[in-house]
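Welcome! Take a look at the sequence and the model below, then work through the exercises at your own pace.

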Amino acid sequence: KEWQQEEHREQKMYAGADGDAVPEEFREARNKGLYYLQFSGKTENEMRKKLAEQGFSPASVEDAVLFLKHYRYLDDEDYARRYVEKNDHKKSIRQMKFDLRQKGVSDDLVEMVFEDMEVDESAQILGLLRKKNYDPEEPDPAKRQKIYAFLARKGFSYDAINSAMKSGNRAVSGPKGQDMTGFVGMHRSTRNEGIILDIMHKTV
């Protein structure tokens, strides 16, 4: 009885809208998509690219994607949420948004996910500073600038870096600790924001 139920399930999964069996190429594309998902999650865009690279026709690729979406093997919103949960302790919001868009997740979906999910960038930066053994009282401007550049390459904004560094400094030195705005030798401007974005895009 169990094997009959399984056979019926497979027949239903591989049936077309009219109940007839789908073309062999469509079936192969669907199976190939399921095979890829055994190893890692994929966005719709990533799956389309993988199947196209294998020589499947546009029609069979689209059928496979619709098939995988129907059975919720592909779900860009779920993928984006799991990506944020996995990386929210080590990647900036800007970096994660950039990564998801590169993977083909739509702008609207990316923004919706980040509206729903809280990411504490200050905690992220402080964690990275601890890993780097950052000393808030470091007297060498070059070393302080190096730390700042490291965080900028991670995609953190000027405001987030400056706020977290001042917060870390107060934790060590007390409320009268040094204001970190000056130690990086930079002032907030549109140009600096552009530099940070440029650094990030060159390293991802």
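**Exercise 1. The chain as a whole**

What percentage of the 204 residues in the chain do buried residues make up?

Before solving this, two notes on the model. This is a predicted model, in which local features need pLDDT of at least 70, side-chain atom pairs count only at pLDDT 80 or more, and totals for chains, interfaces and linings use all residues. Residues are numbered from 1 along each chain as its sequence is written, and side-chain values use heavy atoms, with hydrogens and water left out.

*Solution.*
- Step 1: Start with the term. Buried means under 20% relative accessible area, exposed means over 50%, and partly exposed lies in between (1.4 Å probe, protein chains only).
- Step 2: Apply it to the chain. Of its 204 residues, 38% are buried.
- Step 3: Add the secondary structure. The chain has 11 helices and zero strands, where helices (H or I, at least four residues) and strands (E, at least two) are DSSP runs, numbered from the N terminus.

**Exercise 2. Aromatic rings**

Find out how many aromatic pairs the structure holds, and describe the ones that involve Tyr35.

*Solution.*
- Step 1: Rings of Phe, Tyr and Trp (its six-membered ring) pair if their centres lie within 6.5 Å; planes under 30 degrees apart count as stacked, over 60 as edge-to-face and the rest as tilted.
- Step 2: The structure holds three aromatic pairs. In one of them, Tyr35 and Tyr36 have their centres 6.0 Å apart, with 55° between the planes, and the pair is tilted.
- Step 3: Tyr35 and Phe39 are an edge-to-face pair, because their planes stand at 75°, with 5.0 Å between the ring centres.
- Step 4: Put them together: Tyr35, Tyr36 and Phe39 make up one aromatic cluster.
- Step 5: Check the accessibility of each ring residue. Tyr36 is buried at 10%, Tyr35 is partly exposed at 40%, and Phe39 is exposed at 60%.

**Exercise 3. Charges over rings**

Which residue lies over the face of Tyr36?

*Solution.*
- Step 1: A charge sits over a ring if NZ of Lys or CZ of Arg is within 6 Å of the ring centre and within 35 degrees of the ring normal.
- Step 2: Lys50 lies over the face of Tyr36, 4.8 Å from the ring centre.
- Step 3: Another example is Lys132, whose charged end sits over the ring of Phe150 at 4.4 Å from its centre.

**Exercise 4. A buried arginine**

Is Arg30 buried or exposed, and which side chain does a polar contact join to Arg30?

*Solution.*
- Step 1: Locate Arg30 in helix H2, residues 24-37.
- Step 2: Its relative accessibility is 5%, so Arg30 counts as buried.
- Step 3: A polar contact is a pair of N or O atoms within 3.5 Å; within protein, one must be able to donate a hydrogen and the other to accept it, and residues adjacent in sequence count only if both atoms are side-chain atoms. The side chains of Arg30 and Asp63 are joined by such a contact, 2.8 Å long.

**Exercise 5. Helix H8 and its ends**

Work along helix H8 and describe what is found at its start, within it and just after it.

*Solution.*
- Step 1: At the N-terminal end, Asp120 caps H8, with a side-chain oxygen 3.2 Å from the backbone nitrogen of Ser122.
- Step 2: Within H8 (residues 121-131), the buried residues are Glu121, Gln124, Ile125, Gly127, Leu128 and Leu129.
- Step 3: Just after H8, Asn133 has a positive phi of about 55°.
- Step 4: For another positive phi, turn to Arg72, where the value is near 60° in a residue other than glycine. Arg72 belongs to the loop between helix H4 (58-70) and helix H5 (76-87), and Arg72 is exposed, with 62% relative accessible area.

**Exercise 6. Partners across the sequence**

How far apart in space are the C-alpha atoms of Met96 and Val110?

*Solution.*
- Step 1: Met96 lies in helix H6, residues 93-102, and is buried at 0% relative accessible area.
- Step 2: Met96 and Val110 are 14 residues apart in sequence, and their C-alpha atoms are 9.3 Å apart.
- Step 3: Try Tyr83 in helix H5 as well. Tyr83 is buried at 11%, and 9.5 Å separates its C-alpha from that of Asp99, 16 residues away along the chain.
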